[in-house]
Amino acid sequence: MADITLISGSTLGSAEYVAEHLEEKLQEAGFSTELLHGPSLNELPLQGTWLVVSSTHGAGELPDNLQPLYEAITETQPDLSAVRFGAVGLGNHEYDLFCGAIRSLDDLLIARGAQRIGHRLEIDVLEHEIPEDPAEAWLSDWTTHI
Ligand SMILES: Cc1cc2nc3c(=O)[nH]c(=O)nc-3n(C[C@H](O)[C@H](O)[C@H](O)COP(=O)(O)O)c2cc1C
């Protein structure tokens, strides 16, 4: 099992690029990683450290490629008490439900017993033309907690 399993949820690619950038930085820091774009629940280790990176679409909804995972966790209610995770969201503050997807995922994982490490990062893509920059700054703090 990798030190850190990255999970990306993206429709147009931005969150995927952020996840890839964070994976590169984690590897440079000496962590082993696995990056899964829109994984199924079966693909995920139900222990260890996850880093979830997701944009928001629709009206505060998850990207299409993360909806099956969200539904599987909701339906099967796995025990995630051996999981610690970080949460990074991308959104646009002009929408009513800013970063709704990462907030829903954060709530769901905590409800299943997972423990979030550090604060949830919510990147406003209108303020940050290069979302990798705030994500990288957040990561350097996050890795001190894992
Ligand atoms: C159709 C559409 C709906 C969106 N809805 C929301 C929303 O409800 N809340 C939010 O914070 N951002 C919303 N966004 C902004 C996206 O989350 C943002 O553009 C993000 O960078 C897209 O990342 P992606 O390329 O990984 O999908 C929406 C964008 C689009 C195109």
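Begin by selecting Thr33 and showing its surroundings: leaving aside residues up to four places away in sequence, Thr33 touches Ala2, Ile4, Leu6, Glu23, Leu26 and Gln27. Keep in mind throughout that this is a predicted model. With Thr33 still selected, colour by secondary structure, and you will find that Thr33 belongs to strand β2, which covers residues 33-37. Two of the neighbours deserve their side chains drawn as sticks, since the side chain of Thr33 makes a polar contact of 2.9 Å with that of Glu23, and another polar contact, of 2.8 Å, with the side chain of Gln27. Is Thr33 buried or exposed? Its relative accessibility is 16%, and because the limit for a buried residue is under 20%, Thr33 counts as buried.

From Ile4, one of the residues touched by Thr33, move on to the strands. Select strand β1, residues 4-9, together with strand β3, and you will see the two paired in the parallel sense over six bridges. One place to check this pairing is Ile4, whose bridge partner in β3 is Thr49. Now show β3 alone against a surface of everything else: seven of its eight residues are buried, so the strand is largely enclosed by the rest of the structure.

Next, add strand β4, residues 83-91, to the selection. What is the sense of the pairing between β3, residues 48-55, and β4? The two strands pair in the parallel sense, over eight bridges. Two pairs of residues can serve as landmarks along this pairing: Gly48 stands opposite Val83 in β4, and Ser54 stands opposite Gly89 in β4. Bring in helix α2, residues 67-76, and follow the chain from β3 through this helix to β4, for the three elements make a right-handed β-α-β unit.

Stay with β4 for the other strands that pair with it. Strand β5, residues 115-116, runs parallel to β4 and is joined to it by two bridges, and here you may pick out Arg84, whose bridge partner in β5 is Gln115. Adding helix α3, residues 100-111, shows how β4, α3 and β5 make a right-handed β-α-β unit. Strand β6 can then be selected as well, since β4 and β6 pair in the parallel sense over four bridges; at Val88, the bridge partner in β6 is Leu121. How many of the nine residues of β4 are buried? Eight of them are, and the strand is accordingly described as mostly covered.

Two loop residues next to these elements are worth a backbone check. Gln77, in the loop between α2 and β4, has a positive phi of about 50° although it is not a glycine. Cys99, in the loop between β4 and α3, likewise has a positive phi of about 50° without being a glycine. Their surroundings can be compared by switching on the surface: Gln77 is partly exposed, with a relative accessible area of 48%, whereas Cys99 is buried, with a relative accessible area of 1%.

Now turn to the open space in the model. The largest pocket has a volume of about 350 Å³. Of the 22 residues that line this pocket, select Ser55, Thr56, His57, Gly91 and Val125, which are the closest to its centre. To see which elements contribute two or more residues to the lining, colour helix α1, residues 14-28, and strand β4, as these are the elements that do so.

Finish at His128, in the loop between β6, residues 121-124, and α4, residues 132-142. Its relative accessible area is 29%, and His128 is therefore partly exposed. Not counting residues up to four places away in sequence, His128 touches Ile123 and Pro134. As a last step, draw a distance between the C-alpha atoms of His128 and Asn42: the two residues are 86 apart along the chain, and their C-alpha atoms are separated by 34 Å.

Technical notes
Residues are numbered from 1 along each chain as its sequence is written. This is a predicted model: local features need pLDDT of at least 70, side-chain atom pairs count only at pLDDT 80 or more; totals for chains, interfaces and linings use all residues. Side-chain values use heavy atoms; hydrogens and water are left out. Buried means under 20% relative accessible area, exposed over 50%, partly exposed in between (1.4 Å probe, protein chains only). A polar contact is a pair of N or O atoms within 3.5 Å; within protein, one must be able to donate a hydrogen and the other to accept it, and residues adjacent in sequence count only if both atoms are side-chain atoms. Contact means heavy atoms within 4.5 Å. Two strands pair if DSSP finds at least two bridges between them. A crossover is right-handed if, with the strands pointing away from the viewer, the path from the first strand over the helix to the second runs clockwise. On a 1 Å grid over the protein atoms alone, a cavity is a set of points where a 1.4 Å probe fits but cannot get out, and a pocket is an open set with protein on both sides within 12 Å along at least five of seven lines; lining residues have an atom within 4 Å of a point. Grid points are joined across faces, edges and corners, and a volume is the space filled by probe spheres set on the points.
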